[in-house]
Amino acid sequence: MKKWQDNKGWLFILPVFLIVAFSAIVPLMTVVNYSIQDIFGPGERVFVGTEWFREVLTDQRLHEALWRQLLFSGLVLLIEMPLGIAIALLMPSKKGFGASVVLVTLALPLLIPWNVIGTIWIIFTRPDIGLMGATINALGLTFDHTASGLHAWITLMLMEVWHWTPLVALLAYAGLQSIPPAYYQAAKIDGASAWSIFRYIQLPKMKGVLTIALLLRFMDSFLIYAEPFVLTGGGPGNTTTFLSIYLVKIAVGQFDLGPAGAFSIIYFLIVLLFCYLFYQVLQSAEEGEQS
Amino acid sequence: MAQIFLDEIAHSYLPETQKEDEYALKRIHNIWEDGGAYALLGPSGCGKTTLLNIISGLLVPSSGRVRFDDTDVTDLPPEKRNIAQVFQFPVLYDTMTVFNNLAFPLRNRGFDKDYIDRRVREVAQILELEPFLNKKAAGLGADAKQKISLGRGLVREDVAAILFDEPLTVIDPQLKWQLRCKLKEIHEKLKLTLIYVTHDQVEALTFADKIVVMYEGWIVQIGTPQELFEYPNHKFVGYFIGSPGMNFIPCSMEDGKVKIGNSLIPVDETTARLANAAEGKLELGIRPLYLNISDTPVDGAFEARVKGVEDQGSHRIVTVDFEGHPLKARIAENDTVPQGKAYLTFPIEWIRLFADEHLIKENKEN
């Protein structure tokens with residue numbers, strides 16, 4: 001019997017298909033629906049084709065938000081990935097009290113709700129009573145994230161790195177723990193240096209988890225909303241207005257559902273494109289590596 | 001190349017060890033000849049890997065010294081010992097090509113490029129890895145991977161010994177045979193000292209010139225396969241080597257004969273004299289291969305009851321009950337299998353007597 005004649009297998013994926021349909025496809029289609037209509041009120045709608053897409057794509061403020069967002073994600077990845085790996089390498093490799101303490105301490109920022117993180121950092125960086133803000137100002141430097149765009153960025157980056165580097169570190173640590181001791185013994189016998197061990201054993205063995213860490217960190221940082229919303233509200237000026245903050249302004253602030261729908265779809269496609277690119281680059285690096 | 005001298009080695013994994021039981025290695029004192037192929041044979045947990053790691057330098061023994069020729073290397077790390085080790089699972093640098101894997105130990109030691117190139121090609125030729133040199137190591141089969149692990153040891157001309165820690169565990173049975181032959185060939189060609197840890201007696205018997213049998217942290221016997229088979233020094237060797245292992249029956253001496261139940265089995269004079277002098281629990285041991293079994297009463301035979309027969313293809317194993325003790329005998333496939341009653345004869349030259357688990361033999365006190 002030929003394969004295509006027996007289609008009973010499709011029945012097995014039907015439940016999953018239904019769940020995904022209701023959780024992802026139906027909401028997504030609603031957004032598509034909004035993005036191609038002009039909605040005046042219940043029952044009053046006009047088909048407008050690609051007008052909202054054209055409007056959004058030529059929106060100067062959206063371009064600025066996109067570059068801001070790319071810069072932010074890029075910096076976050078450049079800091080968090082090496083730092084996370086470095087922390088994982090320095091963590092105690094043997095199971096025991098020390099390792100447990102380090103693991104729990106590292107995991108703490110991950111357990112705090114995101115808007116609370118913003119609140120913590122507002123207080124922490126306040127120039128009058130915040131530990132960090134007051135300390136810096138006491139040194140004679142002015143530091144105020146509500147007044148200076150640069151200071152707002154520094155605060156956001158610090159907060160993001162503090163919040164999410166532990167995730168990279170934990171994933172990298174799990175990757176390191178899965179390397180059998182024989183690899184280190186063989187490297188010792190081969191006379192490998194610490195750098196060689198990192199380059200040829202630890203890094204290749206961590207690659208799987210680091211790919212996951214990279215994708216997660218990219219997506220999360222690219223979609224960041226709660227923390228800048230609480231900390232800076234997109235300001236001062238527009239200096240921390242990232243894509244998601246701008247999107248919410250259009251959708252909820254101005255109730256422009258059409259442009260907001262078009263924006264959401266473009267946003268989604270950008271994230272998808274980057275994840276695809278990262279994944280492809282890492283995959284081909286594995287196959288093509290001939291060092 | 002070097003002779004390896006283990007001087008009163010003992011090792012415990014616990015920090016403060018008082019009792020002998022707590023030692024993973026009790027007292028190891030012997031010399032491994034330069035260019036010998038040794039197999040370290042023993043059950044899991046007998047200390048083989050511990051001993052191997054002490055020789056390679058991955059472990060520092062709790063007491064005793066390790067010497068390569070005249071150099072004391074006890075406190076030297078593995079990379080300074082000129083030793084190579086092949087592990088149970090292939091250890092490779094996945095992202096490198098086979099060539100770079102083989103070149104890695106030489107590059108780390110700062111050899112020049114031309115030498116490395118020549119040397120790697122030589123070794124690849126010996127191991128038949130030439131077609132793969134420019135391929136990534138990660139994509140190869142388990143046997144090729146183990147060859148690469150071995151190759152990383154062979155490329156270093158100064159290597160004193162190559163240690164193998166059950167290297168064929170992950171290899172398919174047909175390839176195992178090929179790799180073992182390859183190893184033997186390399187040993188003959190390069191005259192390297194090889195130490196091979198295994199719990200598989202077939203592997204040990206085919207690979208090694210000398211087999212070192214370990215049991216509960218002791219080396220119980222070192223010998224050629226024939227010596228181990230014919231003169232097992234310790235009950236454990238008799239039981240562990242051979243398939244099935246040696247038969248053991250508790251016995252006593254009476255009138256220069258071995259007494260089991262009501263049967264008196266004749267032994268030669270020397271054995272009888274030594275057995276009379278020996279102290280401790282006395283046991284008779286005989287290999288299933290040498291225990292004669294017949295379906296008709298023959299001269300000097302003892303009666304036994306047949307309990308079962310196992311057909312193993314080329315031969316049969318008959319289990320009999322003799323004076324309340326189970327005994328196994330190996331008979332040829334086309335021999336008649338006795339039904340019900342069987343008659344056993346114990347050839348004088350194959351009877352071994354053990355006192356307190358140790359073989360009774362001349363000019364050595366037990």
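Here are a few notes on chains A and B of this predicted model.

1. Starting with the make-up of chain A: you'll find 12 helices and 2 strands there. Reading from the N terminus, one helix leads into the two strands, and helices take over from there (α-β-β-α-α-α-α-α-α-α-α-α-α-α).

2. Don't expect a neat ball. Chain A has a radius of gyration of 24 Å, well over the 19 Å that the globule rule gives for 291 residues, so chain A is more spread out than a compact globule. Along the principal axes, its C-alpha trace covers about 80 × 75 × 35 Å.

3. On burial and contacts: of the 291 residues in chain A, 40% are buried. If you take contacts in chain A between residues at least 6 apart in sequence, 66% of them link residues at least 24 apart.

4. As for the surface of chain A, the accessible area is about 16,400 Å², and carbon and sulfur atoms account for 72% of that. The chain carries 16 positive and 18 negative side chains, with the centres of the two sets 12 Å apart.

5. Over in chain B, have a look at the open sheet: 4 strands in the order 2-1-4-5, with antiparallel pairing. Strand 2 (25-32) and strand 5 (71-72) of chain B sit at the edges with a single partner strand each, so one side of each has no neighbour in the sheet.

6. Zooming in on one edge of that sheet, strand 4 (residues 63-68) of chain B pairs with strand 5 of chain B through 2 bridges, in the antiparallel sense. If you want a residue to click on, B:Arg67 is opposite B:Asp72 in strand 5 of chain B.

Definitions and conventions
Residues numbered from 1 in each chain as written. Chains lettered and ligands numbered in written order. Predicted model: local features only at pLDDT ≥ 70, side-chain atom pairs only at ≥ 80, totals over all residues. Heavy atoms only, no water. Pairing = 2+ DSSP bridges. Rg over C-alpha atoms; globule rule 2.2 N^0.38 Å. Buried < 20%, exposed > 50% of the residue type's maximum accessible area, 1.4 Å probe, protein only. Contact = heavy atoms within 4.5 Å. Areas by Shrake-Rupley, 256 points an atom, 1.4 Å probe, with all protein chains shown as cover. Lys, Arg positive; Asp, Glu negative; His and termini not counted. Charge placed at Lys NZ, Arg CZ, Asp CG, Glu CD.
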